[in-house]
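Biologist: Could you pick one part of this protein and take me through it closely, then show me how it sits in its surroundings? I would like a connected account that I can follow with the model open beside me.

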Amino acid sequence: MKNKHIIVGVSGGIAAYKAVEVVSRLRKLGAEVKVVMTENATKFVSPMTFGEISGHPVAVKMFEDVHDWNVEHIALATWADAYVVAPVTANVIGKLASGIADDMLTTQLMATKAPIFLCPAMNTNMYENPITQRNMNTLRELGMNILEADSGHLACGVVGKGRLPEPAKIVEWLSFHMMKNDVLADKTVIVTAGGTQEAIDPVRYIGNRSSGKMGYAIAEQVALAGARTILISAPSSLPVPYGVEFVPVDSARDMEEAVNSRYENCDAVIMAAAVADFRVENMADTKIKKMDKLELTLVKNPDILKGLGANKTHQKLIGFAAETQNVIEYGKSKVLNKNLDMLVANDVSKQNAGFNVDTNEVTFIYPGGQIVQLPLMTKSDVAKRIILALAEL
């Protein structure tokens, strides 16, 4: 969002106070923000508040200011890279759907060519009214983006749908749509992430050090590339990226079932999960009591990646290899043995390139022996390079 020009429109609803945090969050992401308010909105939040947070004068009344001989509503509409209205009331929605422009906010919305993002907030009955729903459908058909209202306790005392989503969700939604491209449009991509957990008893398990950061970064970038993104994840504390379908799993066998059941209808799989090689042969049904010595018999888990390679038809398959020695040698062998289209290999013994860190240093290895070595970079940047490589495949 750095250096993006964002106009935040605020209409007259009690949820107007949340727009203050929306403006603050956008500025923290590097955007330049200007605020436009309806006169009713000023009854809930002072224009001075938005002026201080945004760093710009707030537009309320038509023709009250002229900049460089440009009429204010046209100047702002031209300046914007995106226009988000939070909250947008049933009244403003109705005006837009009917082509009415009778104040600063609605006039700018009619004049701008920037993408428009609407965040409705109102009483449940108003939100569910067939007229409001019809108007929102009309605006969607005209290309405007509308964020579904949340359910919860409303200011009017009703519990139901119509609550303005939290500012973090609004900014995430806006950022996602502004950054989205069509590199992988019309594709379906499965991404696996996290470290699987193999149960010993109902409270203990065998696991590994994977945090899921790499896989989650990849899922985020796949979604931004326009693909239908299915994130199949072992337990992780990370937030699910916006725009992905989330499938939680625990063990290697759970992950295998989840991936295989969706494999036929996908275009690519990126196996970034750290799948446990072994599981306990006989899991205890009850908690094992403390003792001086405990012996466990481990048996081999299925090799999910190799199974996908053996059954590959049209899919592109990208695997990961976390090694501590002979990274390239082992990587080349895995590409061939598992019928991969590309392998992302890294030495997890290196500082800032292993588990639970925000950076990585990887090497792309291809079936023909080609090698592309990347320098140390953030996992988000590594994910972007993987998506470009997948698009080329």
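Modeller: Gladly! Let me set the scene before zooming in. The protein exposes about 19500 Å², with carbon and sulfur atoms supplying 49% of that area. Please keep in mind that this is a predicted model. Its C-alpha trace spans about 75 × 50 × 40 Å along the principal axes, and the chain contains 13 helices and 23 strands. Of its 393 residues, 48% count as buried. Among contacts with a separation of 6 or more, 66% are between residues 24 or more positions apart.

The part I would pick is helix α1, residues 18-28. Which of its residues are buried? They are Lys 18, Ala 19, Val 20, Val 22, Val 23 and Leu 26. The cover over these buried residues includes the strands β1 (5-10), β2 (32-37), β5 and β9 (159-163), together with the helices α2 (47-54) and α8.

Now look at two charged residues of the helix, Arg 25 and Glu 21. They form a salt bridge, and their closest N and O atoms are 2.8 Å apart. The two are about one helical turn from each other because they are four residues apart in α1. A general point helps here: an α-helix has 3.6 residues a turn, so residues three or four places apart point the same way. How exposed is each partner? Arg 25 has a relative accessible area of 33%, so it counts as partly exposed, and Glu 21, at 35%, is partly exposed too.

Lys 18 deserves a second look. Besides being one of the buried residues of α1, Lys 18 is linked with Arg 163 and Glu 166 in a network of salt bridges. Across the whole structure, a search finds 15 salt bridges. Just after the helix, Gly 30 takes a positive phi of about 100°.

From here we can follow the elements that cover α1. Three of them, β1, β2 and β5, belong to an open sheet of five strands in the order β2-β1-β5-β6-β7, with parallel pairing. Why do β2 and β7 (145-146) each have one side without a neighbour in the sheet? They stand at its edges, and each has a single partner strand, so one side is left open.

Inside that sheet, β5 pairs with β6 (residues 116-120) in the parallel sense over four bridges. Tyr 83 has Ile 116 of β6 as its bridge partner. Strand β5, residues 82-88, also holds Pro 87. The peptide bond from Ala 86 to Pro 87 is cis, with omega near -5°. For context, most peptide bonds are trans.

β9, also among the elements covering α1, takes us to another pairing. Four bridges join β9 to β8 (residues 150-153), and these two strands run antiparallel. Asp 150 has Arg 163 of β9 as its bridge partner, and Arg 163 is part of the salt-bridge network with Lys 18. β8 and β9 form a hairpin with five residues between them, and Gly 157 in the turn has a positive phi of about 95°.

The last covering element to follow is α8 (167-179), and the loop between it and β10 (188-193) contains Asp 186. Asp 186 has a positive phi of about 70° although it is not a glycine. Most residues other than glycine have a negative phi. Is Asp 186 buried or exposed? Its relative accessible area is 79%, so it is exposed.

For comparison with the pair inside α1, try a salt bridge between distant parts of the chain. Lys 213 and Asp 358 meet through their side chains at 2.9 Å, N to O. Lys 213 lies in helix α9 (residues 213-224) and Asp 358 in the loop between β19 and β20 (359-360), 145 residues apart. Lys 213 is partly exposed at 26% relative accessibility, whereas Asp 358, at 51%, is exposed.

To recap our close look: α1 has six buried residues that you can pick out by name, Lys 18, Ala 19, Val 20, Val 22, Val 23 and Leu 26. Its partly exposed Arg 25 pairs with Glu 21, and its Lys 18 joins Arg 163 and Glu 166 in a network.

Methods: Residues are numbered from 1 along each chain as its sequence is written. This is a predicted model: local features need pLDDT of at least 70, side-chain atom pairs count only at pLDDT 80 or more; totals for chains, interfaces and linings use all residues. Side-chain values use heavy atoms; hydrogens and water are left out. Buried means under 20% relative accessible area, exposed over 50%, partly exposed in between (1.4 Å probe, protein chains only). Contact means heavy atoms within 4.5 Å. Accessible areas come from the Shrake-Rupley method with a 1.4 Å probe; for residues, only the protein chains shown count as cover. Two strands pair if DSSP finds at least two bridges between them. A salt bridge is a side-chain nitrogen of Lys or Arg within 4 Å of a carboxyl oxygen of Asp or Glu.
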